[in-house]
Amino acid sequence: MKLTELTISNYRSFGEDPEVISLDSFTAFIGHNSAGKSTILNALNCMFGNVRIKKDDFHESPESTGINEEASLYFEAKFEFYNTEDGSDNYSIPNFFESFTVENEGESPFILIRFDANWKPGNTPDGLIETTLSYVIFKDTERELKPMSIHDKSKIDVIYIPAFRNPYEQLKNASGTILWRLLNQINWKEADKVTITDKIDELDTTISTQAGINLLEKTISKQWKAYHNSNRFSNATLKFGSTNLEQILKKLEVEFSPAPHHKSYKVNELGDGLQSLFYLSLIDPFLKIEQQGIEDVEKESDVDKRIQNSNHPAIT
């Protein structure tokens, strides 16, 4: 499948009249500042990413004095099959099969997804915003909307690299970051989890036996109980690791060497140019590992023997 058209109406610099944008395998937007280049990409992020619509996103005409009454906007994304006659790979998307539609008799089927946002005044200055994501189905000459499930939405992945790149933020294991998505694809075996937990327990025990650490822990615990007299949360102990694998992975960092002063550099210590290059280098591993995971599932039927164990997006 490939995205071939995006329609935008009443969003930021795009007025109420729908603007249809045709997309090719490689599409570049060229224009002056505030022409709407980033707005096009943000529209896709609102549909399939984690970006939320705000009151300021609704278009205002130059003569407008502000949005005080109800306002609405919408996007429509059209996905088509690859043309098998030109030698391209033929990707079928069974996840969306039930939502294929045909506008005119004899034409190839496609998927049309519509995003609607409606704003109305509320108890706060930002008002109330309701959004819906739906499939557009053509029946005779009528268009019908069928709600798109969260499961289906998760099968479409948007990778957006803004002009401002902060790889340091992407290396924090927070929901939605590239690193978080990569780590989530790893097939952690139960035996490995137990081994990691045991090793971390050993580290905590070894450090806690040091006289100075032991004194510090007892002092903190004593003072804590002086202020907190409930049985709940009554014990305060120092932990230098974590028995929770997710918490351990949050401490994962990338270091660069060799570097000046005979030490390793972290991402935030690199120059701006190198930070931007490293941000871009995170995207490539993400796509390569995603493809490797798809091939892994096809070749290895035993889940425990797979390197990865995740549901990859149908469209990236």
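These legends go with close-up views of a predicted model.

**View 1. Six strands line up in an open sheet**. Read across the sheet, the strand order is 2-1-3-4-5-6, and the pairing is antiparallel. At the edges sit strand 2 (19–22) and strand 6 (142–147), each of which pairs on one side only. From one strand to the next, the twist averages 25°.

**View 2. Helix 1 packs on the sheet**. Look for where helix 1 touches strand 1, strand 2, strand 3, strand 4 and strand 5. The direction of the helix makes about 100° with that of strand 1.

**View 3. Here is the largest nonpolar core, with 32 residues**. The members that touch the most others are L6, I8, M47, I53, F75 and I113. Two or more residues each come from strand 1 (2–9), helix 1 (37–48), strand 3 (71–80), strand 4 (110–120) and strand 5 (128–139). Helix 1 gives the largest share, 6 residues. In soluble globular proteins, nonpolar side chains tend to be buried together.

**View 4. Meet F75 and its contacts**. Beyond its neighbours within four places in sequence, F75 is in contact with T7, I8, Y11, A43, C46, M47, I53, I113, R114 and F115.

**View 5. Strand 3 meets strand 4**. These two strands run antiparallel and are joined by 10 bridges. One pair to find is F79 and its bridge partner in strand 4, I111.

**View 6. Is K78 of strand 3 buried or exposed?** K78 counts as buried because its relative accessibility is 16%, below the 20% cut-off. Setting aside neighbours within four places in sequence, K78 is in contact with K2, L3, T4, E5, F110, I111 and L112.

Definitions and conventions:
Residues numbered from 1 in each chain as written. Predicted model: local features only at pLDDT ≥ 70, side-chain atom pairs only at ≥ 80, totals over all residues. Heavy atoms only, no water. Core = buried A, V, L, I, M, F, W, Y, C linked by side-chain atoms within 4.5 Å. Buried < 20%, exposed > 50% of the residue type's maximum accessible area, 1.4 Å probe, protein only. Helix = DSSP H or I, 4+ residues; strand = E, 2+ residues; numbered from the N terminus. Contact = heavy atoms within 4.5 Å. Pairing = 2+ DSSP bridges. Axes fitted to C-alpha atoms, helices over the stretch in contact; angles between N-to-C directions.
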